[in-house]
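Here is a short set of exercises to work through with the model open beside you. Try each task on your own, then compare your steps with the solution.

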Amino acid sequence: MTVQKRHQLVLMAFLAIFICYMDRVAISVAIIPMVETYGWDLSTQGLVLSSFFIGYLLTQIVGGKLADRFGGKIVLGFGVFIWSLFTLVAPPAAALGITVLIIARILMGMGEAVTFPAIYALYARWIPVRERSRSAGFSNSGIPLGTVFALLATPVIVAQWGWEWVFYIFGATGFIWCAIWYFIIAPNPRQQSGISQAELDLIAADTIADTPAAATPWGALMGNMSVWAIIVAHFCNNWWFYVLLAWLPTFVTKGLGVDYASVGLFAMMPHIALFFFINIAGVVADRLIGSGMSITRVRKLMMLIGSGSSIIALLLVGQAQSAVTAIAIMTVGSALGGFAVSGFFVNHMDIAPEHAGTLMGITNTAGTIPGIIGVLVSGWILDTTGSWTLVFQVAAAVSAFGLIFYLLFGSGERQFSDAVSRVEGAPA
């Protein structure tokens, strides 16, 4: 059976996101032997880990705008090259001093920031509407899988060859991806070698034209409540995700008394469940749209399942009396939470396909902020009250606000016409 070229694109996008998170998460494990080498205190470690987010915040919107204007292929390829380069040079940068390493981490973050905006700009031009949920679901499932791979592979590489080789091997992987990307993916479907006329017709019938986007209608975008529904949902959904990513290992060890050697196994389970259910949710959402259910209703249903399940899990986990119970709750919550990807996370291409990259840059900038604020607030709560229950309750409250806001104002209807850059319809 002939491989459909748009599916080939989705696979490459999945691999890019997998490598993105593999590189991002690796340092959280590799920093332990790095501290032994350089004697960094806790404040310095925190600076090294958080500096990535400075770069990640800087180029989200710029990356999306460039992808909409010049095409997602060149922007994504350049982004992977840049972050892989600064992953590769992390060991010599650390040897030159903490300032050099922090600069390298910021530049790595700037490279990774263009990933999702560029992929969304590509999907709006390559992926038919009825396949977007499963395509975005599959590519975004690279997030938990890349995270799990980094957690498993990094200690093995450190034990065999030393912490420096984590960065050398992971960085080189990105360069291999870049070479494959350059040769097998074209800037647009019409230029793709080996694509059938049937596939071209399918793509052309249900996507936007492959032309550079007109000037971004900033006023219309930022004055539209459907846009704000995605922004708020992205911020609130990422709050619980980043709290889980940052604090789950500590909760398992200090809150539940699990032996440190077993932390990895416990911490992996929610991520593995998330990988499977993001893909299941994408298929379900596309089938509902294909059956005739409105896109607006499908997006809101996915959000109700995804965010609703996460909220319930967050309220329950603080009451758990054993590690097995707590991880079971978080695993189920994370699994069903994956349905939200087929809600707000793919919604950009529904309401503003010509500006999907720019809009993803805007919302992902908002979604990055909880990686800083949410983690800091959770730490402050623990320092002040010592209550893990309160940490999870705050995360649940933030998630509940995001869900309610999205249910009120979210829409699956196209909001902007590139020809006139105006709002076409009100939220459904």
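**Exercise 1.** Find which helix holds tyrosine 120, and decide whether tyrosine 120 is buried or exposed.

*Solution.* Start with the helix: tyrosine 120 sits in α7. Helices here are DSSP runs of H or I with at least four residues, strands are runs of E with at least two, and both are numbered from the N terminus. Next, look at accessibility: tyrosine 120 has a relative accessible area of 1% and is buried. Buried means under 20% relative accessible area, exposed means over 50%, and partly exposed lies in between, using a 1.4 Å probe and protein chains only. Then list the partners, leaving aside neighbours within four places in sequence: tyrosine 120 is in contact with Ala136, Asn140, Phe345, Val346, His348, Met349, Ala356 and Met360. Contact means heavy atoms within 4.5 Å. Finally, check a distance: the C-alpha atoms of tyrosine 120 and leucine 359 are 9.2 Å apart, although 239 residues separate them along the chain.

A word on the source: this is a predicted model, in which local features need pLDDT of at least 70 and side-chain atom pairs count only at pLDDT 80 or more, while totals for chains, interfaces and linings use all residues. Residues are numbered from 1 along each chain as its sequence is written, and side-chain values use heavy atoms, with hydrogens and water left out.

**Exercise 2.** Work out which residues of helix α8 are buried.

*Solution.* Helix α8 covers residues 132-140 and is mostly covered, with seven of its nine residues buried. These are Arg132, Ser133, Ser135, Ala136, Gly137, Ser139 and Asn140. Now link back to Exercise 1: Ala136 and Asn140 are among the contacts of tyrosine 120.

**Exercise 3.** Explain why the buried residues of α3 line one face of the helix.

*Solution.* First pick out the buried positions: in α3, residues 60-70, they are Gln60, Gly63, Gly64, Ala67 and Asp68. Seen down the axis of α3, these buried residues fall within an arc of 130°, so they line one face of the helix. The arc is that of the directions from the helix axis to the C-beta atoms. Then see what covers them: the cover includes α2 (42-58), α4 (72-88), α6 (98-113), α7 (115-126) and α18 (356-368). Just after α3 comes glycine 71, with a positive phi near 105°.

**Exercise 4.** Which residues touch alanine 229, apart from those up to four places away in sequence?

*Solution.* Locate the residue: alanine 229 is in helix α13, residues 225-255. Its relative accessible area is 0%, so alanine 229 is buried. Its partners are Phe405, Tyr406, Phe409 and Gly410. For comparison, go back to α3: the C-alpha atoms of alanine 229 and alanine 67 are separated by 23 Å, with their places 162 residues apart along the chain.

**Exercise 5.** Describe the surroundings of threonine 154 and glutamate 199.

*Solution.* Threonine 154 lies in helix α9, residues 142-161, and is buried at 0% relative accessible area. Leaving aside neighbours within four places in sequence, threonine 154 is in contact with Ala26, Val29, Ala30, Phe149, Val166 and Phe170. Glutamate 199 belongs to helix α11, residues 197-205, and is buried too, with a relative accessible area of 3%. With the same sort of neighbours left aside, glutamate 199 is in contact with Gln4, Lys5 and Arg6. A polar atom of the glutamate 199 side chain lies 2.8 Å from the backbone nitrogen of arginine 6.

**Exercise 6.** Why does cysteine 178 form no bond with the closest cysteine sulfur?

*Solution.* A disulfide is a covalent bond between the sulfur atoms of two cysteines. The cut-off used here is a pair of cysteine sulfur atoms within 2.5 Å. The closest cysteine sulfur to that of cysteine 178 is in cysteine 20, 12 Å away, which is too far for a bond. Across the whole structure, the search finds zero disulfides. As for burial, cysteine 178 counts as buried at 13% relative accessibility, and cysteine 236 is buried at 4%.

**Exercise 7.** How many helices and strands does the protein have?

*Solution.* Count them: 20 helices and two strands. Then turn to burial, where 57% of the 428 residues count as buried.

Key
A polar contact is a pair of N or O atoms within 3.5 Å; within protein, one must be able to donate a hydrogen and the other to accept it, and residues adjacent in sequence count only if both atoms are side-chain atoms.
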